[in-house]
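Hi there,

Here is the structure I promised to pass on to you. Please have a look at it first, and then read on for what turned up in it.

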Amino acid sequence: MGSKVQGEGDYESARHYNDETKHFVDEKTKGGQQIKGSAAEATDKLSTAEKEALSHAKSGGQDKRDATLLSEMEKQHKR
């Protein structure tokens with residue numbers, strides 16, 4: 001089986017994403033309704049849900065710590 005990768009991704013995944021996005025927009029605009037919100041009204045202030053999600057995210061320090069730990073484990077394994 002050949003690789004489906006075409007540059008940064010594959011056609012099948014792009015098609016799936018586009019189909020799902022179109023389905024989402026169609027559902028939100030059903031019956032002529034407008035999608036609320038605009039880029040002009042956007043804010044940098046995080047919503048409650050965004051704050052909750054961010055509280056579970058790794059910080060940059062954790063990534064560096066994990067990379068160092070992995071590097072040390074690889075060195076020990078090679079011995």
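**What was found**

The mean pLDDT of the chain is 82, and 90% of its residues reach 70 or more. Please keep in mind as you read that this is a predicted model. Confidence varies along the chain: strand β1 (residues 5–6) has the lowest, with a mean of 62, while α1 has the highest, at 89.

**Overall layout**

To get your bearings, start with the secondary structure, which consists of three helices and two strands. Going along the sequence, you will meet them in the pattern β-β-α-α-α. The chain has 79 residues, and buried residues make up 0% of them. Its accessible surface is about 7,800 Å², and carbon and sulfur atoms account for 54% of that.

**Salt bridges**

How many salt bridges does the count come to? The count is four, and here are some of them to look up.

- Glu27 pairs with Lys30, and their closest N and O atoms are 3.2 Å apart. Glu27 itself is partly exposed, because its relative accessible area is 41%, and partly exposed covers the range between under 20% (buried) and over 50% (exposed).
- Arg65 and Asp66 meet through their side chains in a salt bridge, at 2.8 Å from N to O. Asp66 has a relative accessible area of 24%, so Asp66 counts as partly exposed too.
- Glu72 and Lys75 form another salt bridge, with 3.7 Å between the closest N and O atoms. Both residues sit in helix α3 (residues 60–78), where they are three residues apart, about one turn of the helix. Glu72 is partly exposed at 37% relative accessibility, and Lys75 is partly exposed at 45%.

**A nonpolar patch on the surface**

Which residues make the nonpolar surface patch of about 260 Å²? They are Phe24, Val25 and Ile35. Phe24 is found in helix α1 (residues 11–28), and Val25 lies in helix α1 as well. Why can Phe24 and Val25 be part of a patch? A patch takes residues with over 30% relative accessible area and no salt bridge. Phe24 is partly exposed, with a relative accessible area of 49%, and Val25, at 33% relative accessibility, also counts as partly exposed; both values therefore meet the cut-off of over 30%. As for the third member, Ile35 comes ten residues away from Val25 along the chain, and the C-alpha atoms of Val25 and Ile35 are separated by 8.1 Å.

If you would like a place to begin in the viewer, try helix α1: this helix has the highest confidence in the chain, and Phe24 of the patch is found there.

Enjoy exploring, and best wishes!

Note on methods: Residues are numbered from 1 along each chain as its sequence is written. This is a predicted model: local features need pLDDT of at least 70, side-chain atom pairs count only at pLDDT 80 or more; totals for chains, interfaces and linings use all residues. Side-chain values use heavy atoms; hydrogens and water are left out. Helices (H or I, at least four residues) and strands (E, at least two) are DSSP runs, numbered from the N terminus. Buried means under 20% relative accessible area, exposed over 50%, partly exposed in between (1.4 Å probe, protein chains only). Accessible areas come from the Shrake-Rupley method with a 1.4 Å probe; for residues, only the protein chains shown count as cover. Patches are made of residues with over 30% relative accessible area and no salt bridge: like charges are joined within 9 Å, nonpolar side chains (Val, Leu, Ile, Met, Phe, Trp, Tyr) within 5 Å. pLDDT is the predictor's confidence in each residue, from 0 to 100.
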